[in-house]
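Trainee: Before we go through this chain, could you put the model on screen, and then let me ask what stands behind each of the terms?

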Amino acid sequence: SAVSFHEESDAVEIAKELNRRCIDVSVQTYKPQCPPTALTKLPLISTEAMIDTLVRHYDEVLNTCRT
């Protein structure tokens with residue numbers, strides 16, 4: 001899954017907060033002509049409960065950060 005941002009600093013802030021919550025998120029900022037993007041690589045064996053938890057954390061972080 002990926003979430004793109006207008007500003008690199010926003011993508012980095014979101015990723016750092018998700019990392020603090022033990023969610024492995026990286027930020028892609030090195031490709032020219034591509035927006036800064038927070039990337040989560042989900043395991044193929046992800047369950048519905050795992051994905052629901054991930055979505056909940058993303059929702060909380062996106063609603064509390066300055067973005």
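Trainee: What makes the contacts in the protein chain join residues far along the sequence, and how many join residues at least 24 apart?

Mentor: With contact meaning heavy atoms within 4.5 Å, 58% of the contacts between residues at least 6 apart in sequence join residues at least 24 apart. This is a predicted model, in which local features need pLDDT of at least 70 and side-chain atom pairs count only at pLDDT 80 or more, while totals for chains, interfaces and linings use all residues. Residues are numbered from 1 along each chain as its sequence is written, and side-chain values use heavy atoms, with hydrogens and water left out.

Trainee: Why does the radius of gyration agree with a compact globule?

Mentor: The rule, applied over C-alpha atoms, is 2.2 Å times the number of residues to the power 0.38; for 67 residues it gives a value near 11 Å, and the protein chain has 12 Å, which agrees.

Trainee: Which elements does the protein chain have, and in what order do they run?

Mentor: Counting DSSP runs from the N terminus, helices being H or I of at least four residues and strands E of at least two, there are 2 helices and 3 strands, in the order β-α-β-β-α.

Trainee: What makes up the largest nonpolar core?

Mentor: A nonpolar core is a set of buried Ala, Val, Leu, Ile, Met, Phe, Trp, Tyr and Cys residues joined through side-chain atoms within 4.5 Å, buried meaning under 20% relative accessible area with a 1.4 Å probe, protein chains only. The largest has 12 residues, among them Phe5, Ile14, Leu54 and Tyr58; α1 (8-20) and α2 (48-64) each give two or more, and α1 gives the most, with 4.

Notes
Buried means under 20% relative accessible area, exposed over 50%, partly exposed in between (1.4 Å probe, protein chains only).
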